[in-house]
Structure formats: C-alpha cells, structure tokens
Amino acid sequence: MVAMTRILTPDPESIAASAEIIRSGGLVAFPTETVYGLGANAMDAQAVARIFAAKGRPASDPLIVHISRLEQVERLARNFSPAARTLAEAFWPGPLTLILPRQPEVPSLVTSGLDSVAVRIPDHPVALSLIEAAETPIAAPSANRFGHTSPTTAAHVYHDLAGKVDIILDGGSTKIGVESTVLDISTSPVRILRPGGVTREMIEALIGPVSMLAQSRKTSKGLPSPGLLKKHYAPRTEMILFKGPDARKNLFEYLKAELALGKRPGVMAEDEEVRALEECGALVFPLGAGIDLAGIASHIYAGMRWLDDQKVDVILCTDFGDQGLGVAIRDRLTRAATRVVG
Ligand code: TXA
Ligand code: MG
C-alpha cells in the first residue's frame with residue numbers, strides 16, 4: 001500500500017521522478033503501445049513482489065521484462081538465437097514478446113521459477129524514456145487487478161490500482177489495445193503462446209511456419225505460458241460471444257428476447273451495426289469500422305469496462321474472424337465471454 005497515487009503528465013520532470021521511484025523499489029504504471037503496464041525494477045525481487053501484491057496476481061504467472069535497446073537483452077537472456085535476432089530487428093520496438101533462456105541474475109519471481117524469461121521493447125516514447133531514465137529493465141504486467149480487463153487509459157489503471165501504485169504516467173489512450181504477441185522460439189516450429197499485435201502472418205513472412213497454442217484452456221496445469229488461463233481479461237458482467245455464419249442473426253435474436261424480458265442488454269459492435277442495434281433498444285458501445293481490425297482491437301477493453309459501468313444485465317458481441325488481428329481479438333473475447341454461441 002502506498003500513501004497516495006499520483007497521476008502525472010509524462011514530462012521530463014515526472015519521468016525523472018518515476019525513474020527514481022523505480023530505482024528505489026516502487027511501482028510506476030506507464031503507457032505502452034498495447035496496454036498500460038505496472039512497472040518495477042526487474043532485477044529487484046522485492047520490488048517485483050510488490051507488483052504481485054498490488055495486482056492480486058498469483059506468483060505462478062510470470063512477468064514480461066521491458067527494455068529500451070536491443071543490447072540490454074544480454075543482461076536477461078543467456079542466448080539470443082539468429083531467429084530471435086531476426087524477429088527483434090523486424091518488430092522491436094513493438095508488440096512482440098520473445099521467450100528466451102533466462103540469465104541467472106533475473107530474479108526467479110519474475111519468471112515464476114521458469115528457466116525462460118519474457119522480453120520486449122515497447123513502442124511508446126513514455127515507456128522508452130522511463131526505462132532509459134531508470135537505467136534498469138522494467139518488469140511489467142498489464143496494470144489491472146488480476147483477472148480484470150487490461151487498462152487502455154490512465155483512468156482504467158486508477159480505477160483498479162488507486163492506492164497501490166506510486167505514480168501513473170498518463171499517456172492518453174493506448175494505440176493497439178490488446179496485449180503483445182507472446183512467442184516461444186525454443187520449439188520447432190516456433191509457437192505463439194498468446195496472439196497479439198504482431199500477427200502470425202507477419203511472423204511467418206519472416207521465418208516460415210508458426211504454430212499456435214490451442215486456446216481456451218480451463219486450467220493452467222501444464223501450460224507452457226502459465227498466465228493463459230481460459231477465464232481472463234474479463235468484465236464483471238456476463239458476456240456472450242456470437243461466432244460463425246449466423247453470428248449477427250443470433251445476436252439480434254438474443255437481444256430482442258432479452259429486451260422482451262425487460263432486461264438491459266449492452267452490445268459491443270462495429271460502427272456499421274450501431275444504428276440497427278440502437279433502433280432495437282440496445283445500449284451500444286461502438287468499436288470502430290468493421291474493416292479496421294486495429295481500431296476494433298483498441299476498443300474492446302474500453303467497451304467491456306464502459307458497459308460494466310452502465311450496469312447492463314449482459315454484454316453481447318460478435319466475432320471478427322480469424323485473419324490477422326482477428327485472431328487476437330477472438331482470443332480476448334473468448335476469454336472474456338461466459339458463453340460462446342456458434
Ligand atoms: O502488451 C503486453 O504484453 C503488456 C504490456 C504492459 O507490455 N503486458 C502484459 O503482461 O500483457 P501480462 O503479465 O498481463 O501478460 C504476460 C504474459 C502472460 O500470459 C504470461 O504467462 C506470459 O506472458 N509469460 C511471461 N513470462 C513467460 C515465460 N517465461 N514463458 C511463457 N510465458 C510467459
Ligand atoms: Mg494481464
């Protein structure tokens with residue numbers, strides 16, 4: 001518990017103050033291009049322990065370590081293979097997390113005792129200048145209470161972690177809005193453990209075939225990425241995801257049935273559907289144009305939080321396909337949903 005959480009505009013002065021907090025073992029929430037992170041000095045086990053306490057996160061769920069320059073990876077990873085270098089040079093800074101063999105100096109709490117460490121360079125000027133100023137790698141999970149949706153604004157972070165983090169650097173809304181792609185490059189073919197902003201297609205164009213970890217697991221037992229529980233990234237409200245060729249039709253039918261029962265359903269939908277849904281009487285959160293998957297991805301967590309706040313009885317949503325970013329969107333919506341139809 002810290003006395004007070006300060007929300008600061010990320011000017012040079014507040015970056016310097018935040019770096020000092022990180023160096024002295026405190027917690028700073030900061031924007032990345034994906035979601036806000038809850039950061040601590042990755043090389044200080046006590047500081048890292050504070051992250052787990054603040055989030056209510058089990059110690060079995062390892063953290064991503066953020067660096068600002070490629071050469072810093074040597075402090076964290078024993079070995080950086082040619083494939084790793086190719087990917088890092090192509091996608092860093094950016095939403096790709098590489099699972100690498102861990103250096104013994106990395107506290108085992110960061111990696112939940114695994115022999116590997118997750119590393120990325122975030123593509124955000126505030127994150128990069130904080131890491132530079134702190135002069136240490138920064139371990140940071142998404143800055144939400146464990147199991148909640150990831151925060152895409154400083155207000156989301158404050159809602160979840162007020163009184164538990166020293167400083168929140170307010171960099172506005174994050175651009176990508178879903179977490180980074182987590183890639184295990186120790187297997188052949190390499191394997192996506194969590195789909196994200198760097199898509200399978202983008203990776204395959206560089207290094208050939210990539211496999212994908214089967215999604216929707218119910219327990220973390222034996223999972224290669226312990227954080228990949230099925231139920232995760234969830235709103236408080238019951239949420240139903242409609243998939244397949246009849247998704248739109250089924251959603252409208254369900255919606256009308258709920259309204260007939262006097263319920264208050266909320267819908268997250270592409271802009272093109274908003275009018276028809278509102279005419280039915282639904283409360284709608286527009287996700288952006290249907291063809292702009294990046295725009296859709298950047299709004300799904302904000303949509304869940306907003307509809308939670310409106311105290312709707314149920315959240316309805318359709319799927320956005322399995323091409324490119326559609327895979328990451330489907331992954332997060334499936335995890336958030338209490339039920340999948342279709
Ligand atoms: O975009 C992001 O990745 C954001 C920003 C803040 O960088 N961070 C983020 O962290 O989403 P978090 O803690 O919410 O998710 C980290 C994921 C978890 O699924 C965890 O299990 C996995 O990375 N992970 C971390 N270390 C791992 C390791 N050594 N092996 C396999 N999976 C690992
Ligand atoms: Mg998270």
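Select Leu-241 and Cys-317: in strand β15, Cys-317 is the bridge partner of Leu-241. This is a predicted model, where local features need pLDDT of at least 70, side-chain atom pairs count only at pLDDT 80 or more, and totals for chains, interfaces and linings use all residues. Residues are numbered from 1 along each chain as its sequence is written, and side-chain values use heavy atoms, with hydrogens and water left out.

**Stop 1: strand β12**

Select residues 239-242, which form β12. Strands are DSSP runs of E with at least two residues, helices are runs of H or I with at least four, and both are numbered from the N terminus. Which way do the side chains of β12 point? Met-239 and Leu-241 point one way, and Ile-240 and Phe-242 the other way. All of these are buried, meaning under 20% relative accessible area; exposed is over 50% and partly exposed is in between, with a 1.4 Å probe and protein chains only.

Now add residues 314-318, strand β15. It runs parallel to β12, and 4 bridges join the two. Two strands pair if DSSP finds at least two bridges between them. Next add β16, residues 339-341. β16 pairs with β12 in the parallel sense over 3 bridges. Here the bridge partner of Leu-241 is Val-340.

**Stop 2: the rest of this sheet**

Add strand β13, residues 265-269. β13 runs parallel to β15, joined by 4 bridges. Find Met-268: it stands opposite Cys-317 in β15. Now view the whole open sheet of 5 strands, in the order β14-β13-β15-β12-β16, with parallel pairing. Why do β14 (283-286) and β16 each have one side without a neighbour in the sheet? They stand at the edges, each with a single partner strand, so one side is left free of a neighbour in the sheet. On average, neighbouring strands of this sheet are turned by 20° against each other, direction ignored.

Select residues 300-309, helix α11. This helix lies across β12, β13, β14 and β15, and runs at about 155° to β14. Axes are lines fitted to C-alpha atoms, for helices over the stretch in contact, and angles run from 0 to 180 degrees between N-to-C directions.

**Stop 3: a helix pair**

Select α8 (residues 247-260) and α9 (residues 271-280). They pack at an angle of about 25°, with their axes 10 Å apart. That makes α8 roughly parallel to α9, since angles under 35 degrees count as roughly parallel, over 145 as roughly antiparallel, 65 to 115 as roughly perpendicular and the rest as oblique. Show side chains at the contact, which means heavy atoms within 4.5 Å. From α8, Arg-248, Leu-251, Phe-252, Leu-255, Lys-256 and Leu-259 meet Glu-273, Ala-276, Leu-277 and Cys-280 of α9.

**Stop 4: the other sheet**

Move to the open sheet of 11 strands, which has mixed pairing. Its order is β1-β8-β2-β3-β7-β4-β6-β5-β9-β10-β11. The edge strands are β1 (6-8) and β11 (210-212), each paired on one side only. Select β5 (residues 96-101) and β6 (residues 116-120): they pair in the antiparallel sense over 4 bridges. Within this pair, Ile-99 has Ala-118 of β6 as its bridge partner.

**Stop 5: Leu-206**

Finish in helix α7 (residues 200-207), where Leu-206 is found. Is Leu-206 buried or partly exposed? Leu-206 is partly exposed, with a relative accessible area of 40%. Not counting residues up to four places away in sequence, Leu-206 touches Thr-86, Leu-87, Ala-90 and Phe-91.

Technical notes
Chains are lettered from A and ligands numbered from 1 in the order in which they are written.
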